[in-house]
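Please open the model in a viewer and keep the selection tool at hand. The stops below proceed from one selection to the next.

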Amino acid sequence: MNVYIPFICLALGAAINWRGLPEKILQYIDYLTNLALFLLMVVIGINIGTSEEVMDNLNRIGINCFLISLSAVACSVVVTVLLEKTIMPLEKIRLQLHMEKGASIASDTASGSESKSKGRSSFSPLIVIMPACIAVGMIAGRFFMQNIQEYLLDAMLTGCLIFLYTGVGVSLASNKSVFSYIRRLGFRVLLMPTGIFAGCLFGGMLAGAVLSVPTNWAVLSASGMGYYSLTGAAMTDTFGIEAGTYGFIVNILRDVLTVALLPVLIRISKGSPIASGAAGCMDSMLVPVSRYVGPELSMVALISGTILTFVVPLWLPMGTQLLA
C-alpha cells in the first residue's frame, strides 16, 4: 500500500466528522468498522493459509519462529515500558490534557474504566473474534482457497484498510484532543519507534543465544518488525531459503501474536500494544491496536508504524551485510 494512503484516509474521515455527525450515524460507522476489521483478520489468515512457504515449514521450524517472534515482542514491550516510566509518559500526558481542559478526574477515570472494561477487566468479543477470524482464514486458505488469485487478496486487503483508516479518521475528529496530545508529546514520539527497534534487536539476540538458530538469522528476523515480505526476501537473498523462511514466518507470527495478546498488553501499559504491532501499526495492525489504546495513542501508533516501515528497508541491507 502507498505510504500516503493511510494519511489521506485519516484526513478524509476527520473531514467527514469534523463538524460532528449524529450519534446514530457514528454508531453505524463503528459497526461497519468492526465488520471491516473482522474481514481484515480473515484476509490475513487466508494469506497465511495460502502460503506454502509458511504452512509447509510450520512443523519443522514453527516453534523456533514463534519463540523468536515472542522474544522480539517481549523485549520491545520492556523497552517501551521503561520509556513510559521515564521520559515518554504517554498516559500521564493524556491525563494532564484532560485536566487542563476542565474535565474532572472522576469523569475521566470513569470514562477510562469503561474503556478498560471493554479491553481489560470484563469480557470483550474482540478478544475471541479477531484470533478466530485469523484461524478461519488460515483454514479456508489452506484447504479451500489455494488457487485464489493474489491480486484478489491484495484488493480485499487494501479495501479493508482504506475503510478502516477512514473510520479511524472519523474517530479522531470526535476526539480533537488527539492533536493537542501529539503536540504536547512533541519529538518524544520518536522514542517509540526507536525503543521498538532496539527491543527487537535485543530480542533477536536473546532468542539466538537460547535457541539452536544462528544468531544473525534470529536478529534479522526479529528486526523485520512485522514486515514479513521484505524480511523474507532479504534474508533469502543473503543466507538462503531456510533463513528467508525464518524471516517470513517470524514476522507473520508477530501480527498473529499482537492480535492474540492485545488484552494482556494493554494491562501492561498504553504503549505495549503499539510496541507489539511495530511496523504493522502503519497498516494491518493499526485498527486492532487503536481499539485498545484509544484515539490519542492511535496517532502515536500510526506515526511509529510509519517510521518503522521506512526503517526496515534501510536496515535490512545493512544488517544482512553486517551480520553475514
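The count of salt bridges in this predicted model comes to two. The tour begins with both of them and then turns to a surface patch, a pocket and several individual residues.

**Stop 1: the D30–R291 pair**

Select D30 and R291 and display their side chains. The two residues form a salt bridge, and their closest N and O atoms are 2.9 Å apart. D30 belongs to helix α2 and R291 to helix α14 (residues 286–293), so the pair ties together parts that are 261 residues apart in sequence. Colour the two residues by accessibility. D30 is partly exposed, at a relative accessible area of 36%; R291 is also partly exposed, with a value of 28%. Side chains of opposite charge can pair when their charged atoms come close.

**Stop 2: the R94–E91 pair and helix α4**

Next, select R94 and E91, whose side chains meet in a salt bridge with an N to O distance of 2.8 Å. Here both partners lie in helix α4, three residues apart, which is about one turn of the helix. An α-helix has 3.6 residues a turn, so residues three or four places apart point the same way. Is R94 buried or exposed? R94 has a relative accessible area of 11% and is therefore buried, since the cut-off for that class is under 20%. Its partner E91, by contrast, is partly exposed, with a relative accessible area of 23%.

Extend the selection to the whole of α4, residues 90–100. The buried residues of this helix are L90, I93, R94 and L97. Seen down the axis of α4, these buried residues fall within an arc of 100°, so they line one face of the helix. Then rotate the view to the face of α4 turned away from the buried side, where the exposed residues K92 and M99 are found.

**Stop 3: a nonpolar patch on the surface**

Return to helix α2 and show the molecular surface. Select Y31, L32, L35 and F163, which form a nonpolar patch with about 390 Å² of accessible area together. Which helix gives the most to this patch? Helix α2 (residues 23–49) does, with three residues. L32 is one of the patch residues and is located in helix α2. The relative accessible area of L32 is 41%, and this residue is partly exposed.

**Stop 4: the second largest pocket**

Now display the second largest pocket, which has a volume of about 890 Å³. Its lining consists of 30 residues; to find the centre, select N47, D154, L157, Y228 and S229, which lie nearest to it. The elements that give two or more residues to the lining are α2, α7 (150–174), α11 (228–239), α12 (241–268) and α15 (295–322). Colouring these helices separately is useful at this point. The largest share of the lining, six residues, comes from α7.

**Stop 5: two residues with positive phi**

Most residues other than glycine have a negative phi, and most peptide bonds are trans. Select M225, where phi is near 55°, a positive value in a residue other than glycine. M225 lies in the loop between α10 (215–222) and α11. M225 is buried, with a relative accessible area of 0%.

Move on to A278, which is not a glycine and yet has a positive phi of about 50°. The loop that holds A278 runs between α13 (272–277) and α14. At 1% relative accessibility, A278 counts as buried.

**Stop 6: two pairs distant in sequence**

For the final stop, draw C-alpha to C-alpha distances. Select V311 and S223: 88 residues separate them in sequence, while their C-alpha atoms are 9.9 Å apart in space. V311 is found in helix α15, and at 25% relative accessibility this residue counts as partly exposed.

Then select L185 and P89, which are 96 residues apart in sequence and 8.7 Å apart in space, C-alpha to C-alpha. L185 is located in helix α8 (residues 177–185). With a relative accessibility of 1%, L185 counts as buried.

Methods. Residues are numbered from 1 along each chain as its sequence is written. This is a predicted model: local features need pLDDT of at least 70, side-chain atom pairs count only at pLDDT 80 or more; totals for chains, interfaces and linings use all residues. Side-chain values use heavy atoms; hydrogens and water are left out. Patches are made of residues with over 30% relative accessible area and no salt bridge: like charges are joined within 9 Å, nonpolar side chains (Val, Leu, Ile, Met, Phe, Trp, Tyr) within 5 Å. Accessible areas come from the Shrake-Rupley method with a 1.4 Å probe; for residues, only the protein chains shown count as cover. A salt bridge is a side-chain nitrogen of Lys or Arg within 4 Å of a carboxyl oxygen of Asp or Glu. Helices (H or I, at least four residues) and strands (E, at least two) are DSSP runs, numbered from the N terminus. Buried means under 20% relative accessible area, exposed over 50%, partly exposed in between (1.4 Å probe, protein chains only). The arc is that of the directions from the helix axis to the C-beta atoms. On a 1 Å grid over the protein atoms alone, a cavity is a set of points where a 1.4 Å probe fits but cannot get out, and a pocket is an open set with protein on both sides within 12 Å along at least five of seven lines; lining residues have an atom within 4 Å of a point. Grid points are joined across faces, edges and corners, and a volume is the space filled by probe spheres set on the points.
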